[in-house]
Amino acid sequence: MERLPLFERKIVKKVAEQRLEAVAQALKMQIEKEPEPGFMTGLAGQAIFLYTYSRSCGSSRFENLGFLALERALGMINDGFSWPSFAAGLAGIRFTLRYLASRGYISESDGSALDEIDPYLQEFAAERFKQGDYDLLHGALGMYLPNNPQQSQPSQPPQPVTDNRQPISAPLRKLAISPVPGHLAWEAKHPQTGVPEINLGLAHGIPSILLALSQTAEDSDASIMGSQGVNYLLSCRLQESANGSLFPHRMVDGKPDQPGRLAWCYGDPGIGAALWQIGVNCNRPDWQADAIGILHKAASRRETVANRVMDACICHGTAGLALLFYKMAIVTGHDEFLDAAAHWTRATLDHGQNPAADAGYLFLTTGDRYISSYSLLEGITGVGLSLLALLDSETLGWEQGLLL
């Protein structure tokens, strides 16, 4: 499966190539003034797009721009930038370097340039765990999970690096609660309200915890916690919901809050993708079957307003859905997911027609405003990388930083 079959249609392929050129040109103007160095938020993610696009279109000028973006990100670190998080900080930039080296975009020595910061990142993780902040994007889990990606074809992900990190099961055991016998869950505080909740989203909640536990098969306590955590996650299924969602965003006082949106960050697609990988890691075909059922139901949901799919971003928009369903078609062998990927790819191409926006794309932000955005997670960099993957699956690999 080299590309999404939709792109066998020449006119669709041409439109995608036009969108990619527009993204590349917009980033050309952005990288010299981009204030953020991170993988999901700024220069590091932009470097991945520019290097990948350069190889795809055969133009070295975009490779040079990728080098410039990376040089600026590393320059910020040399000037004192030290925020550790995976989404916006050092952990994500380290992932970027390892990934680019694994694909031959930069040298192996350059790819390991930040490996010596691991003790600092682990100190950050330990402190965040003490505060109960396990969050993947901004907290403790980001120091662990994306740095040990699963091997999958056809992508060639960065290899895990040997280090002296402490087992992740110990701090997660301290944070775990047992709502009922045989179930485990992990509470967090809602970032706006501060109210305790059990978050079910892949980006900030239990699925990422269970993925981390599933990657430590030699740890018997991790295996037990993972199994009981999956029991809890599956017990949160909704009996019915207005938009067809099987899971809510979160549980508060033992009750679901609202039906999940259709997205990578929150909702059934992210849960299904994570559960599939957990089932593979733990040799649990029953969990894999549950994951396929969740994803099949999600693939049938196409209504944008009810499912809160309001723009083209990776995080909670059409590009993220197209990428997720395409990747799951590859790793599961279920070609039915290609239909959903094609649907959301068309929607992604349609979004990019705004003449007043950089690269034609505007993205929903606070206050119901639409703005230009250049990031991987919520902007045109992510749109561009998703389109490149859909056009050529050999460009996959970077998405494992999203736990896909």
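This dialogue works through the reading of several features in a predicted model of one protein.

Student: To begin with the whole chain, how many helices and strands does the protein have?

Tutor: The predicted model contains 14 helices and eight strands. Along the principal axes, the C-alpha trace spans about 60 × 45 × 40 Å.

Student: What does the radius of gyration say about the overall form of the protein?

Tutor: The value is read against an expectation for a chain of the given length. For 404 residues, a compact globule would have a radius of gyration near 22 Å, and the protein has 20 Å, which agrees. Two further values complete the picture. Of the 404 residues, 59% count as buried. Among contacts with a separation of 6 or more, 62% are between residues 24 or more positions apart.

Student: What can be said of the surface and the charges of the protein?

Tutor: The protein exposes about 16100 Å², and carbon and sulfur atoms supply 51% of that area. As for charge, there are 32 positive and 43 negative side chains, and the centres of these two sets lie 4 Å apart.

Student: How should one read an open sheet, and what is the strand order here?

Tutor: The general idea comes before the case. Strands of a sheet pair through backbone hydrogen bonds, in either a parallel or an antiparallel manner. In this model, an open sheet of four strands has the order E3-E4-E5-E6, and the pairing is antiparallel. Strand E3 (188–189) and strand E6 (255–256) are the edge strands, each pairing on one side only.

Student: Which residues stand opposite one another in this sheet?

Tutor: Two antiparallel pairs may be taken in turn. E3 and E4 run antiparallel and are joined by two bridges; Ala 188 stands opposite Glu 197 in E4. Strand E4 (residues 196–199) is also joined by two bridges to strand E5 (residues 250–252), again antiparallel. There, Asn 199 has Arg 250 in E5 as its bridge partner.

Student: What lies between E3 and E4?

Tutor: E3 and E4 form a hairpin with six residues between the strands, and in this hairpin Gly 194 takes a positive phi near 75°.

Student: Which residues other than glycine have a positive phi?

Tutor: The sign is worth noting, because most residues other than glycine have a negative phi. Asn 283 is one case, with a positive phi of about 55°. Ala 359 is another, with phi near 60°.

Student: Where do Asn 283 and Ala 359 lie, and is each buried or exposed?

Tutor: Asn 283 is placed in the loop between helix H10 (268–281) and helix H11 (285–299). Its relative accessibility is 62%, so Asn 283 counts as exposed, the cut-off being over 50%. Ala 359 lies in the loop between helix H13 (336–351) and strand E7 (363–365). With a relative accessible area of 13%, Ala 359 is buried, since the cut-off is under 20%.

Student: How does one read the surroundings of a helix residue, for instance Ala 24 in helix H1?

Tutor: One asks about the accessibility of the residue and then about its contacts. Ala 24 belongs to helix H1 (residues 10–30) and counts as buried at 0% relative accessibility. Setting aside residues up to four places away in sequence, Ala 24 touches Phe 49, Tyr 53 and Phe 62.

Student: Which residues does Met 225 contact?

Tutor: Met 225 is in helix H9 (residues 220–235) and is buried, with a relative accessible area of 0%. Beyond its neighbours within four places in sequence, its contacts include Ser 169, Leu 172, Arg 173 and Leu 184. Met 225 and Leu 184 are 41 residues apart along the chain, while their C-alpha atoms are separated by 6.7 Å.

Student: What is the corresponding picture for Thr 318?

Tutor: Thr 318 is found in helix H12 (residues 318–332) and counts as buried at 1% relative accessibility. Apart from neighbours within four places in sequence, Thr 318 is in contact with several residues, among them Val 309, Asp 311, Cys 313, Trp 344 and His 351. Thr 318 and Thr 304 are 14 residues apart in sequence and 9.3 Å apart in space, C-alpha to C-alpha.

Definitions and conventions. Residues numbered from 1 in each chain as written. Predicted model: local features only at pLDDT ≥ 70, side-chain atom pairs only at ≥ 80, totals over all residues. Heavy atoms only, no water. Buried < 20%, exposed > 50% of the residue type's maximum accessible area, 1.4 Å probe, protein only. Rg over C-alpha atoms; globule rule 2.2 N^0.38 Å. Contact = heavy atoms within 4.5 Å. Areas by Shrake-Rupley, 256 points an atom, 1.4 Å probe, with all protein chains shown as cover. Lys, Arg positive; Asp, Glu negative; His and termini not counted. Charge placed at Lys NZ, Arg CZ, Asp CG, Glu CD. Pairing = 2+ DSSP bridges.
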